[in-house]
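Biologist: Thanks for sharing this one with me. Could you take a close look at one small part, and then carry on from there into its surroundings?

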Amino acid sequence: MAVVLENVTYSYNLDEMHRIDAVKNLSLRIKEGTFVALVGHNGSGKSTFAKLLNGLLLPTSGEVKIFGNSTLDGNKIYEIRKDVGMVFQNPDNQMIASIVEDDVAFGPENLGVEREEIKERVEWALSKVGMLEYRKHTPFKMSGGQKQRLAIAGVLAIKPKVLVLDESTAMLDPQGRSEVLKVAHELNREDGITVIHITHFMEEALDADRLIVMNDGQIAFDGKPREVFKHYEKLKEIKLAVPWETQMAISLKKVGLDMGSGIVNEEELVEKLCQLL
Ligand code: ADP
Ligand code: MG
């Protein structure tokens with residue numbers, strides 16, 4: 001198992017009297033090679049969950065294991081940090097060097113990787129995210145999507161087995177979002193990297209193998225995206241909207257059209273309507 005959580009609770013202690021249980025008695029297992037989308041409204045505990053995965057936060061109770069290594073085991077934390085790569089929300093906060101290839105080399109340099117190997121890793125990582133031609137450029141003038149792909153390359157150079165994208169598409173325009181999502185899917189498909197894509201855009205969950213919906217520090221739904229989308233009414237109650245096409249199909253069904261179920265995109269909606277007309 002790539003990721004195992006056993007009865008994990010994480011509490012932020014504000015002072016002696018106040019604490020927030022951001023993750024509550026959470027148990028789950030993620031198989032290696034899975035593309036997981038994790039969705040939930042603001043404050044549902046997604047970032048806390050992400051930080052528990054690489055030991056940035058340690059559980060208040062319960063245990064987090066990455067490929068069998070517990071984050072509570074001080075001897076394993078170094079390995080866990082290498083195994084779980086994290087990319088965050090703000091593309092401007094994640095660049096270190098003023099030249100693209102130096103930026104990507106930073107991680108492996110810190111790990112003491114050999115020069116020749118660093119070179120190979122940088123090339124590999126940049127080509128994986130479609131940025132090799134920009135290796136001598138400065139990252140500062142790039143688009144948000146390019147910066148996030150560069151941030152992914154920086155993480156890839158450490159050779160992670162799990163890639164966590166914590167709202168890494170949230171600040172991007174639609175093009176940037178689709179660029180980043182495409183790279184994440186390719187890394188999952190071609191390199192077998194387990195991806196945990198945290199997002200509040202429900203439609204970005206569509207192509208995931210598994211959709212986990214978090215609410216109030218717990219799992220509200222967990223399943224194939226299309227299955228989870230069927231619970232649109234309950235999703236609405238926890239402030240999440242299914243894709244508009246699904247919503248539209250449901251509205252048409254309510255006025256008597258035989259829309260079937262499971263419509264999640266424009267093509268399927270159009271096809272169904274054409275059949276009916
Ligand atoms: P999400 O990423 O889904 O928005 P978070 O994991 O950031 O959720 O937050 C979960 C809960 O924990 C929220 O109630 C939030 O206010 C609280 N929280 C998050 N970070 C801290 C912190 N550093 N100190 C205190 N409370 C926090
Ligand atoms: Mg967050």
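In which strand does asparagine 7 lie?

Modeller: Happy to, and please keep in mind throughout that this is a predicted model. Asparagine 7 belongs to strand 1, which covers residues 3–13. Its backbone deserves a glance: although the residue is not a glycine, its phi is positive, near 45°. With a relative accessible area of 42%, asparagine 7 counts as partly exposed, because that value falls between the 20% limit for buried and the 50% limit for exposed.

Lysine 239 offers a second case of this kind, with a positive phi of about 65° in a residue that is again not a glycine. Lysine 239 is found in the loop that joins helix 8 to helix 9. Its relative accessibility is 64%, so lysine 239 is classed as exposed. One of the residues in contact with lysine 239 is histidine 41, which sits in the loop between strand 3 (35–39) and helix 1 (46–53). Histidine 41 has 18% relative accessibility and is therefore buried. Leaving aside residues up to four places away in sequence, histidine 41 also touches Lys46, Met214, Asn215, Ile238 and Leu240.

Lys46 leads on to another loop residue, since Lys46 is among the contacts of glutamate 167 too. Glutamate 167 is placed between strand 7 (162–166) and helix 6 (174–191). A relative accessible area of 9% puts glutamate 167 in the buried class. Besides Lys46, its contacts beyond four places in sequence are Gln89, Ile198, Thr199 and His200.

Following the chain onwards from lysine 239 brings us to helix 9. Its buried residues, within the span 244–254, are Glu245, Thr246, Ala249, Ile250 and Leu252. Looking down the axis of helix 9, these residues fit within an arc of 165°, so they line one face of the helix. The general geometry helps here: an α-helix has 3.6 residues a turn, so residues three or four places apart point the same way. On the other side of helix 9, Trp244 and Lys254 are exposed. The buried residues of helix 9 pack against two neighbours, helix 8 (232–237) and helix 10 (266–276). After helix 9 comes glycine 256, with a positive phi near 110°.

Helix 3 makes a good companion to that picture. In residues 100–110, the buried set consists of Val100, Glu101, Asp103, Val104, Ala105, Gly107 and Pro108. These buried residues pack against helix 4 and helix 5. Helix 3 is likewise followed by a glycine, glycine 112, with a positive phi near 75°.

Helix 4 (residues 115–128) and helix 5 (residues 144–156) also pack against each other, at an angle of about 145° and with their axes 8 Å apart. The residues making this contact are Trp124, Ala125, Leu126 and Lys128 from helix 4, together with Leu150, Ala153 and Leu156 from helix 5. The crossing of the two is right-handed. Helix 5 includes glycine 144, which is partly exposed at a relative accessible area of 25%. Beyond four places in sequence, glycine 144 touches Pro91 and Leu172. The C-alpha atoms of glycine 144 and leucine 172 are 5.8 Å apart, although 28 residues separate the two along the chain.

Let me finish with the rings, starting back in the neighbourhood of your question. A pair of aromatic rings is described by the distance of the centres and the angle of the planes. The model has 1 aromatic pair. It is formed by tyrosine 10 and tyrosine 12, with ring centres 4.8 Å apart and planes at 75°, so the pair counts as edge-to-face. Tyrosine 10 has 13% relative accessibility and is buried, while tyrosine 12, at 29%, is partly exposed.

There are also charges placed over rings. The charged end of lysine 161 sits over the ring of phenylalanine 67, at 4.6 Å from its centre. Arginine 177 lies over the face of phenylalanine 201, with 3.5 Å to the ring centre.

Definitions and conventions:
Residues numbered from 1 in each chain as written. Chains lettered and ligands numbered in written order. Predicted model: local features only at pLDDT ≥ 70, side-chain atom pairs only at ≥ 80, totals over all residues. Heavy atoms only, no water. Buried < 20%, exposed > 50% of the residue type's maximum accessible area, 1.4 Å probe, protein only. Helix = DSSP H or I, 4+ residues; strand = E, 2+ residues; numbered from the N terminus. Arc of directions from axis to C-beta. Contact = heavy atoms within 4.5 Å. Phe/Tyr/Trp six-rings, centres within 6.5 Å; stacked < 30°, edge-to-face > 60°. Lys NZ or Arg CZ within 6 Å of the ring centre and 35° of its normal. Axes fitted to C-alpha atoms, helices over the stretch in contact; angles between N-to-C directions. Left-handed = near helix turned anticlockwise from the far one by under 90°.
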